[in-house]
Amino acid sequence: MSNLKELVLEWLRTFSNQPSAVSSKRLERFAVFTSMLLLSIYFVINSILKCSISAAELMIVVGTWLGYAGFNTIQIKKDNESNENK
């Protein structure tokens, strides 16, 4: 129970001015990644079951994922460079 309490307190500290061991950027990226993943999986599976997905729609889903992966890679590189300069 105390581990859960510490986890919740650490999570709350990320959104305050108090020092925290957890990065708010990483939490935000995780939330975006998870919601995008779940929504796209739901869309693709639902479309496949209804046989209503076209090649263009599948390309849009895959293209969005590839664009997000590129963006995330660039952001991680920028974060690492800024941490090295400190």
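1. Overall dimensions. The chain has a radius of gyration of 18 Å, whereas a compact globule of 86 residues would come out near 12 Å. This is a predicted model, so read that radius as a property of the prediction. Along the principal axes, the C-alpha trace spans about 50 × 40 × 15 Å.

2. Fold content. The chain has three helices and zero strands. Read from the N terminus, the order of elements is α-α-α. Two of these helices come up again below: α2 covers 24–49 and α3 covers 55–85.

3. Burial and surface. How much of the chain is buried? Buried residues account for 14% of the 86 residues. The exposed area is about 7,200 Å². Carbon and sulfur atoms supply 67% of that area.

4. Contact range. Take the contacts between residues at least 6 apart in sequence. Of these, 45% join residues at least 24 apart.

5. The largest pocket. Its space amounts to about 300 Å³. Two elements each give two or more residues to the lining, namely α2 and α3. Which of them gives the most? It is α3, with six residues.

6. Lining chemistry. Eleven residues line the largest pocket. By class, the lining holds one nonpolar residue, five polar and five charged. Lying nearest the pocket centre are S23, K25, R26, D79 and N83. For anyone inspecting the site, those five residues are the ones to display around the centre.

7. R29. This arginine lies in helix α2. Is R29 buried or exposed? R29 counts as buried because its relative accessible area is 18%, and the cut-off for buried is under 20%. Setting aside neighbours within four places in sequence, R29 is in contact with Y68, N72, Q75, I76 and D79. D79 therefore appears twice in this note: as a contact of R29, and among the residues nearest the centre of the largest pocket.

8. A distance to check. R29 and S82 are 53 residues apart along the chain. Their C-alpha atoms are separated by 18 Å. S82 is not named among the contacts of R29 beyond four places in sequence; those are Y68, N72, Q75, I76 and D79.

Terms used: Residues numbered from 1 in each chain as written. Predicted model: local features only at pLDDT ≥ 70, side-chain atom pairs only at ≥ 80, totals over all residues. Heavy atoms only, no water. 1 Å grid on protein atoms, 1.4 Å probe; cavity = no way out; pocket = protein on both sides within 12 Å on 5 of 7 lines; lining within 4 Å. Points joined across faces, edges and corners; volume = space filled by probe spheres on them. Helix = DSSP H or I, 4+ residues; strand = E, 2+ residues; numbered from the N terminus. Nonpolar A, V, L, I, M, F, W, Y, C, P; charged D, E, K, R; others polar. Rg over C-alpha atoms; globule rule 2.2 N^0.38 Å. Buried < 20%, exposed > 50% of the residue type's maximum accessible area, 1.4 Å probe, protein only. Contact = heavy atoms within 4.5 Å. Areas by Shrake-Rupley, 256 points an atom, 1.4 Å probe, with all protein chains shown as cover.
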